[in-house]
Amino acid sequence: MNLPFADWLPHQRWYAGRGRTLQTVTPAQTTRLDDGLEHVLLDAVYTDGSSERYQVFIGWDLEPQPEFAAVATIGAEGDHTAYDAVYDERAARKLLELVDRDVTQGRLEFRREPEAKLPVDAPARVAEVEQSNTSVVYDTAAILKVFRRVLSGVNPDVELNRVLARAGCPNVATLLGAIGSTDDAGSPVALGMVTAYAENSAEGWAMATTSVRDLYNEPDLNADEAGGDFSGESYRLGEAVANVHRVLADELGREQVPVPVDRMVDRLASAAAAVPNLAPHVPAAEAAFRGLGGREITVQRIHGDLHLGQVLRTPQAWLLIDFEGEPGAPLDDRRRPDTPLRDVAGMLRSYEYAPYHLIIDEPETTQTAQRAHDWADLNRTAFCDGYATAAGYDPRDEPDLLRAYELDKAIYEAAYEARHRPSWLPISMRSIARLLS
């Protein structure tokens, strides 16, 4: 196969090599799936010696939707043209059909969940919202998420969605099937997953920021009235997160371990080296972490990267999505049991981001600052109230522990913002100062 992958790959939204110089892109494995349809693993090697493996379903001489023609066209080989097949409706439906039929082709395994019904004849279209993966929506019935970057090991997104769906948890989209393989050493490799489509759903982040805009734009509104009182939704979201935690604990167990103080301190040191603004806060932050030495916490499987962008509100319930964990961490680290407080802290941090990111570029006034504080405080409280009701324990009962996990998350955010969104850095810095005050 002699296609210009090195020209095509860097233009994809899910390409993770930005900031590095791509040296070569080589097909490592090709599997024929049907006439004119192949699965290809691509090894991308960079001049700094690093490498990554990606996957692409290649369709030959297809007719992708016109708006996706440029991004879908890989290149020509002889008289034939190769396309990213997920952008072609017939090819996308073929992938769902392979899952429905439990097909094994070479190392590839297409597996349907027991009793699942897949909409193999439904219209298919690519969703335009994701960055690290690509999703194909089949009418209003199912969605196929293709993991573009291929990693060896058990993928927590597939693993935890399977556990939760088989346990009947109502706060996740039901898993319908998966696509997997094995690497040369025999380790599992997740390639894709099919879940029920969350019809008529709204993303939590979009709902929260709409509520905040109402608060800023209507001077006579208070935080309780903004957006139809979003705190009611925050309460129900707290209940949903607690319910997911309960099911995961029931199905996969709990254990007692020491607080991971050294990991928190190491993350602090790494972030401080990258963010000079953190330097004045390092002694107090380290003291907060060290003060937890000798404490034990209950750990279990959790979401691992929870925030308002990882939840959907349907007419029936809040759903948690994207159980992949922190994208920069190795798979084994993402699957390590952790305290549910890490997920709670992630949500509390997200509630603080929602009001402040809208005014980050504007001159701060006493009124806007107070409104941002009131909205965040109201919804953080409502979320914890809902969580406490459903969980049977209140995450605020151990304030120093919850504060440490919020602080750890805010420090992680500071390093991220300094690298990717410098204008947002003041949000996390404000929070770090508050948590240490």
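For the residue classes used below, Ala, Val, Leu, Ile, Met, Phe, Trp, Tyr, Cys and Pro count as nonpolar, Asp, Glu, Lys and Arg as charged, and the others, Gly among them, as polar. The structure above is a predicted model. Have it open while you work through these exercises.

**Exercise 1. Describe the second largest pocket: its volume, its central residues and the classes of its lining.**

Step 1. Start with the volume, which is about 450 Å³.

Step 2. Go to the centre. The lining has 19 residues, and those closest to the centre are Arg263, Arg267, Glu326, Asp333 and Arg336.

Step 3. Trace the elements. Helix 7 (261-274) and helix 9 (331-334) each give two or more residues to the lining. Helix 7 supplies the largest share, four residues.

Step 4. Sort by class. The lining of this pocket has 11 charged, six nonpolar and two polar residues.

**Exercise 2. Find the largest cavity and state which helix gives the largest share of its lining.**

Step 1. Look for cavities of 30 Å³ or more: the structure holds one. The volume of the largest cavity is about 50 Å³.

Step 2. List its walls. Gly304, Asp305, Leu306, Glu326, Arg342, Asp343, Gly346 and Lys409 line the cavity.

Step 3. Assign the helix. Helix 10 (residues 340-356) gives three residues, the largest share.

Step 4. Sort by class. Five lining residues of the cavity are charged, two are polar and one is nonpolar.

Step 5. Link back to Exercise 1. Glu326 lines the cavity, and Glu326 is also among the residues closest to the centre of the second largest pocket.

**Exercise 3. Work out how helix 6 is oriented against helix 4 and against helix 10.**

Step 1. Take helix 4 (residues 156-166) and helix 6 (residues 231-252). Their axes come within 10 Å and cross at roughly 95°.

Step 2. Apply the cut-off. Angles of 65 to 115 degrees count as roughly perpendicular, so helix 4 is roughly perpendicular to helix 6.

Step 3. Name the contact. Leu160, Val163 and Leu164 of helix 4 touch Val244, Val247, Leu248, Glu251 and Leu252 of helix 6. This contact has seven nonpolar residues, one charged residue and no polar ones.

Step 4. Turn to helix 10. Helix 6 packs against helix 10 at about 160°, with the axes 11 Å apart. Angles over 145 degrees count as roughly antiparallel, which means that helix 6 is roughly antiparallel to helix 10. Their crossing is right-handed.

Step 5. Name this contact too. Ser234, Leu237 and His245 come from helix 6, while Pro340, Asp343, Met347 and Tyr351 come from helix 10. By class, there are four nonpolar, two polar and one charged residues. You have met Asp343 before, in the lining of the largest cavity.

**Exercise 4. Characterise the packing of helix 8 on helix 12.**

Step 1. Read the geometry. Helix 8 (residues 282-290) and helix 12 (residues 399-420) have axes 10 Å apart, at an angle of about 135°.

Step 2. Classify the angle. Helix 8 and helix 12 are therefore oblique to each other.

Step 3. Add the handedness: helix 8 crosses helix 12 in a left-handed sense.

Step 4. List the partners. Helix 8 brings Ala285, Ala288 and Phe289, and helix 12 brings Arg403, Ala404, Leu407, Asp408 and Ile411.

Step 5. Sort by class. The contact comprises six nonpolar and two charged residues, with no polar ones.

Key
Residues are numbered from 1 along each chain as its sequence is written. This is a predicted model: local features need pLDDT of at least 70, side-chain atom pairs count only at pLDDT 80 or more; totals for chains, interfaces and linings use all residues. Side-chain values use heavy atoms; hydrogens and water are left out. Axes are lines fitted to C-alpha atoms, for helices over the stretch in contact, and angles run from 0 to 180 degrees between N-to-C directions. Angles under 35 degrees count as roughly parallel, over 145 as roughly antiparallel, 65 to 115 as roughly perpendicular and the rest as oblique. A crossing is left-handed if the near helix is turned anticlockwise from the far one by less than a right angle, and right-handed if clockwise. Contact means heavy atoms within 4.5 Å. On a 1 Å grid over the protein atoms alone, a cavity is a set of points where a 1.4 Å probe fits but cannot get out, and a pocket is an open set with protein on both sides within 12 Å along at least five of seven lines; lining residues have an atom within 4 Å of a point. Grid points are joined across faces, edges and corners, and a volume is the space filled by probe spheres set on the points.
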